[in-house]
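User: I am new to this structure and would like to understand the words used for it. Could you take me through them one at a time?

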Amino acid sequence: MKSFGRPLLKLRVSLLDACNFGCVYCMPETAAFCNKEDYLSPDEIVGIVGNLVEYGIEEVRLTGGEPTLRHDLACVAEKLGKLPLKKISITTNASRLLQFLPALADGPCRSLNISLDSLEPSNFEKITNHDGLGRVLDAIERARALGFKIKINMVVMKGLNHHEINHFVRFAEREQIEVRFLEVMNIGVVRSHFKQWYYSGRDILRQIESEFTLSSVKVAADSTAQVFSTAKGGRIGLIASESMPFCDSCSRLRLSSKGILRACLMKEDGKNLRGVPSHEYPALLQEIAAMKPLTRIKEIHEPMYQIGG
Ligand code: SAM
Ligand code: SF4
């Protein structure tokens, strides 16, 4: 499956839109979530992903909303593990991760992307509207001990947490865990704060290089991140979706918690795959591939928790 020459290999699967955090850049003050009964069941997810694997999908990342609010998270991962996938991973805020680790450790998911926007308890609470920093750090430590590959994602915002960037680089060096710095994206609630919060990838790198010497690390052609190592062996990444978009090498599709497959984070239209028989996939996937834009769409009103980040 290709879109204008770009192989489509990776799928983000949103398990639900609900979340226990209220990150200022993602969750509006009054958020309405779908009815639980409307979310795809584990068997529906595996059925759809199984069909997509036939057309080239190799990697699946489970996300949301907050995937650890689904009690059947490990069961979904387990069932996906029976498909010929190269990689299964999870993106999580990690506040509830600890309780899932034993079951996940026995399953096929070996990679965790953990969102962590502050290492200061009061700032963490200000950004996420949750007081769970201690639980997140405990989960990171335990996941590492269990052998999971971990990446930390920090969304950088001017005036909110940009002063913590170099603390995170030191964290990456000390803990030997890759930290990726994300430009805040012009999505959903961010749109009214974008000018105020946006801190560019160049500014992020300039701030890091005021204290650390960075060397470039080679990454896959469809990587969203530029990756660097520090002299002390810390590994950091930069995902500059706003200032350095990667649409021309994007290999991702997204499946919503209700079964809508979309071609791009920034494009609302998609195709419903729930209950669709296998023989209808080729025509639907051709339509999806044709929907994938070649250049960056400037903004979208839909928030990330609904799309599946
Ligand atoms: N709740 C999980 C978490 O936070 O890891 C998974 C879903 S969340 C929508 C996925 C990722 O999207 C997180 O790393 C979050 O920081 C990021 N995100 C959400 N809104 C964003 C925005 N406006 N700009 C940049 N990243 C955003
Ligand atoms: Fe929840 Fe993740 Fe959105 Fe934060 S970024 S509000 S943790 S879905």
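Analyst: Happily; what follows is a set of questions about terms, each with its reasoning. This is a predicted model, in which local features need pLDDT of at least 70, side-chain atom pairs count only at pLDDT 80 or more, and totals for chains, interfaces and linings use all residues. Residues are numbered from 1 along each chain as its sequence is written, chains are lettered from A and ligands numbered from 1 in the order in which they are written, and side-chain values use heavy atoms, with hydrogens and water left out.

User: Why is Ala289 called buried or exposed, whichever applies?

Analyst: Buried means under 20% relative accessible area, exposed over 50%, and partly exposed in between, with a 1.4 Å probe and protein chains only. Ala289 has a relative accessible area of 9%, so Ala289 is buried. Ala289 lies in helix 9; helices are DSSP runs of H or I with at least four residues, strands are runs of E with at least two, and both are numbered from the N terminus.

User: What is Ala289 in contact with, leaving aside its neighbours within four places in sequence?

Analyst: Contact means heavy atoms within 4.5 Å. On that basis, Ala289 is in contact with Lys2, Ser3, Phe4 and Leu8, leaving aside neighbours within four places in sequence. The C-alpha atoms of Ala289 and Met1 are separated by 7.7 Å, although these residues are 288 apart along the chain.

User: How do you know on which side of helix 9 the buried residues lie?

Analyst: In helix 9 (residues 281–291), the buried residues are Tyr281, Leu284, Leu285, Ile288, Ala289 and Met291. They cover an arc of only 155 degrees around the axis, so they lie on the same side of helix 9. The arc is that of the directions from the helix axis to the C-beta atoms. Exposed Gln286 and Ala290 are on the face of helix 9 turned away from the buried side. Among the elements that cover the buried residues of helix 9 are strand 1 (2–3), helix 1 (42–54) and strand 12 (252–255).

User: What about the buried residues of helix 2, and what do they pack against?

Analyst: Leu73, Ala74, Val76, Ala77 and Leu80 are the buried residues of helix 2 (residues 73–80). Their arc around the axis is only 160 degrees, which puts them on the same side of helix 2. They pack against helix 1, strand 4 (59–63), strand 5 (87–92) and helix 3 (101–105).

User: What makes Glu242 count as buried or exposed?

Analyst: Glu242 has 19% relative accessibility, so Glu242 counts as buried. Glu242 lies in the loop between strand 11 (235–239) and strand 12. Not counting residues up to four places away in sequence, Glu242 touches several residues, including Glu183, Phe194, Arg296 and Lys298.

User: And Phe4 and Asn129: what is notable about phi there, and are they buried or exposed?

Analyst: Phi of Phe4 is near 45 degrees, a positive value in a residue other than glycine. For Asn129, phi is near 55 degrees, again positive in a residue other than glycine. Phe4, in the loop between strand 1 and strand 2 (6–7), has a relative accessible area of 52%, so Phe4 is exposed. Asn129 sits in the loop between helix 4 (121–128) and helix 5 (133–145), and its relative accessible area of 54% makes Asn129 exposed.

User: What makes a space a cavity, and how many of 30 Å³ or more are found?

Analyst: On a 1 Å grid over the protein atoms alone, a cavity is a set of points where a 1.4 Å probe fits but cannot get out, whereas a pocket is an open set with protein on both sides within 12 Å along at least five of seven lines; lining residues have an atom within 4 Å of a point. Grid points are joined across faces, edges and corners, and a volume is the space filled by probe spheres set on the points. A search of the whole structure finds one cavity of 30 Å³ or more. The largest cavity holds about 40 Å³ of space, and its lining is Arg61, Lys87, Ser111, Leu112, Asn113, Lys149, Ile150 and Lys151.

User: Which pocket residues are closest to the centre of the second largest pocket?

Analyst: The second largest pocket has about 220 Å³ of space. It is lined by 13 residues, of which Leu16, Lys36, Tyr39, Leu69 and Arg70 are the closest to its centre.
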